[in-house]
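Visitor: I have just opened this one and don't know my way around. Please walk me through it.

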Amino acid sequence: MGEGRLIIERARPEEIQSLLNPRGVIRCFLRLALAKTEADSGSFVLLNPSTGFLDIEASVGLRKGAGRTKLRADEGVTGWVATTGRAMRIFDVRRESRYVAIDDRIRSELAVPVEVGSTVIGVLNVDSHRVGHFTRKHEQELAQLAGEAAQWLVMGWEIEGFRHKARQLGTLVEMAQTLVSQPGLDQLVDGVVRNAARLMGGARSFLFLLTEDKAHLVLRADFGVESSLPRELAIPVDESVFSVVVKKGKPLSVLDLAEEPYVHCPELRTEGEGLRSLLAVPLSFADRIGVLCVFLAERHRFSNSEIELLQTLADLAMVAIQKARLIQQIMKIEEGLRQSERLSALGLLAAEVAHEIRNPLTVIQMLFYTLAERFPVESGVQKDLAVIGAKLRQMNRITEQVLTLGRSAQPLAESISVEQMLDEILLLVRHKLSAQGIQVEKSISSPMPLLQGDRGQIEQALLNLILNAAEVMPKGGTLGLDASVVERDGIAYLALGVRDSGQGMTAEEMEGLFVPFLTRKTQGTGIGMAIVRKIMEDHRGKVEVDSTPGRGSRLSLLFPVSPP
């Protein structure tokens, strides 16, 4: 390092600092080249391995705009020197066919390769406005400068690499602290994609989580240019570019999406955003459950250290995600315990109320039967009296069940005519529906098998659904009642459906529909739907909810045709 040693000996501290930076090295040796060869202009060109072009990193003395010229690695005098690794001294550029004019004042040129080992990484050019200006001695001096510049560049790139890694590690530690402190899953995944793009210098980033059946990747968070991507976008794993990441647990890097026609992500709508390179890593914790990917706007070949860095962020994110999920589970368990305590208190209260109700109810039953005998058999109210008598017996049985909590809670098994049961329930609510201007549409498939179960409990569940439907149609509407045999997961069910034309429910409201004490009604207790679900569980059945905001709701009680 002859000239380089002199530079250090004569340089001020700030000049030495610039020599530890690749751009400072380039500018310094370009000035030395111009001084040594007494040239009028010059440029320092580096080969860009990502694009394949020769980029002018620094220039002196050229006309405005000439420094932005881009040449292919095999184009012009500079391209020939870069390709062959041999110097070229041109007496008169007007007689050289390979010369590409970027400044019409230039008459002679000298270009030497900048090599690291046996690899050409760039070209050092000097120009003169005079014909035949450069001599053999100039060529030797420029070649020596190019050799020393290469050594300084290697050292500068290594120092810059260390600095970059130090910044990345510092950023990674900061991210880890931020991620671990996030309690909510939504805030956490948003932070992961934002930090992934920041860490890798990416234009866009996405985080997917695998569904339980491992058939789809669901988009949980994205960062970058605003788009209309749905939050829960699902991509089939087998048709996804991320299939190898999910199935083999290995990173995927793509140098240039434009040059890889088999790699496309139409679901992410990235084609029109000018994204070039892709890096995707698995989100792993005990089992592979997701993908973290970053798109870059420029063509970039990801190094092993960059892949390991993004994988480290993904691993940290996965630990944080598992922590957030555990916190959510703990919160649900705590809420469940609170609900159990409230239900226990409600049970004690119900037993006390049932005890106080039983005696007056017994008196009401005796007086009712005495009064009922006074009406003629042919009277039109006999049907109403029969229904009232049945309901009194049902109330008596309910109070007995509450008072004998130690007895089995299994429903009574009896054969029920669905059509007859629906008619009797409509008879009970006919006045309320008529007063609200609600039209009833009843549909029963034929033939309809007998329903096996506890009639009192089933009527209670249906009546609860019908009254709820009436409450969401205070100014009238349509109440639909239907009965049919349906199949779910290969099992036949007898389905009793209640449909309303009310305002419908949001996804959040449907999720809390069966939570005790959670109600939208100003006068409600929030226990009705919890009772409906308990009745269906006792009958080995289930409740299906289908609702769209603004289009009403439909709730179906599904009873197994052949219960186990």
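Guide: First, a term: helices (H or I, at least four residues) and strands (E, at least two) are DSSP runs, numbered from the N terminus. This is a predicted model, so local features need pLDDT of at least 70 and side-chain atom pairs count only at pLDDT 80 or more, while totals for chains, interfaces and linings use all residues. Residues are numbered from 1 along each chain as its sequence is written, and side-chain values use heavy atoms, with hydrogens and water left out.

Visitor: How many helices and strands does the protein have?

Guide: There are 13 helices and 19 strands.

Visitor: And how many of the residues are buried?

Guide: Of the 564 residues, 42% are buried. Buried means under 20% relative accessible area, with exposed over 50% and partly exposed in between (1.4 Å probe, protein chains only).

Visitor: What about sheets? Which strands form the antiparallel one?

Guide: 6 strands do, in the order 3-2-1-6-5-4, and the sheet is open. Two strands count as paired if DSSP finds at least two bridges between them.

Visitor: Which strands stand at the edges?

Guide: Strand 3 (70-72) and strand 4 (88-90) do; each has a single partner strand, so one side of each has no neighbour in the sheet. On average, neighbouring strands of this sheet are turned by 25° against each other, direction ignored. Axes are lines fitted to C-alpha atoms, for helices over the stretch in contact, and angles between N-to-C directions run from 0 to 180 degrees.

Visitor: Pick one strand. How many residues of strand 6 are buried?

Guide: In strand 6 (residues 119-128), 9 of the 10 residues are buried. Strand 6 runs antiparallel to strand 1 (residues 41-47), with 6 bridges, and Ser43 has Asn125 as its bridge partner there. Strand 6 also runs antiparallel to strand 5 (residues 108-116), with 9 bridges; in that pair Val116 is partnered with Thr119.

Visitor: What is in the turn between strand 5 and strand 6?

Guide: That hairpin has 2 residues between its strands, and Gly117 takes a positive phi near 65°. Strand 5 is also joined to strand 4, by 3 antiparallel bridges, with Met88 opposite Ala111.

Visitor: Which strands does helix 4 lie across?

Guide: Helix 4 (residues 76-84) lies across strand 1, strand 2 (53-60), strand 3, strand 4, strand 5 and strand 6, at about 30° to strand 5.

Visitor: New topic, empty space. How many cavities are there?

Guide: On a 1 Å grid over the protein atoms alone, a cavity is a set of points where a 1.4 Å probe fits but cannot get out, and lining residues have an atom within 4 Å of a point. Grid points are joined across faces, edges and corners, and a volume is the space filled by probe spheres set on the points. By this rule there are 2 cavities of 30 Å³ or more.

Visitor: What volume does the largest cavity have?

Guide: About 200 Å³. It is lined by 16 residues, and those closest to its centre are Leu71, Thr78, Ile102, Glu109 and Asn125. Strand 1, strand 2, helix 4 and strand 6 each give the lining at least two residues, and helix 4 has the largest share, 3 residues.

Visitor: Back to sheets. Which strands form the mixed one?

Guide: That open sheet has 5 strands in the order 14-16-17-19-18. Strand 14 (438-444) and strand 18 (542-547) are at the edges with a single partner strand each, so one side of each is left without a neighbour in the sheet. The twist from one strand to the next averages 20°. Strand 14 pairs in the parallel sense with strand 16 (residues 477-488) over 7 bridges, and Ile438 stands opposite Gly477.

Visitor: Which helices pack on it?

Guide: Helix 10 (residues 418-435) touches strand 14, strand 16 and strand 17 (491-500), at about 180° to strand 14. Helix 13 (residues 528-538) touches strand 18 and strand 19 (553-560), at about 25° to strand 19. Contact here means heavy atoms within 4.5 Å.

Visitor: Last one, Ile416. Is that buried or exposed?

Guide: Ile416 counts as buried because its relative accessibility is 1%. Ile416 lies in strand 13 (residues 414-416). Not counting residues up to four places away in sequence, Ile416 touches several residues, including Met421, Leu450 and Ile458. The C-alpha atoms of Ile416 and Gln452 are 6.2 Å apart, though 36 residues separate them along the chain.

Key:
On a 1 Å grid over the protein atoms alone, a cavity is a set of points where a 1.4 Å probe fits but cannot get out, and a pocket is an open set with protein on both sides within 12 Å along at least five of seven lines; lining residues have an atom within 4 Å of a point.
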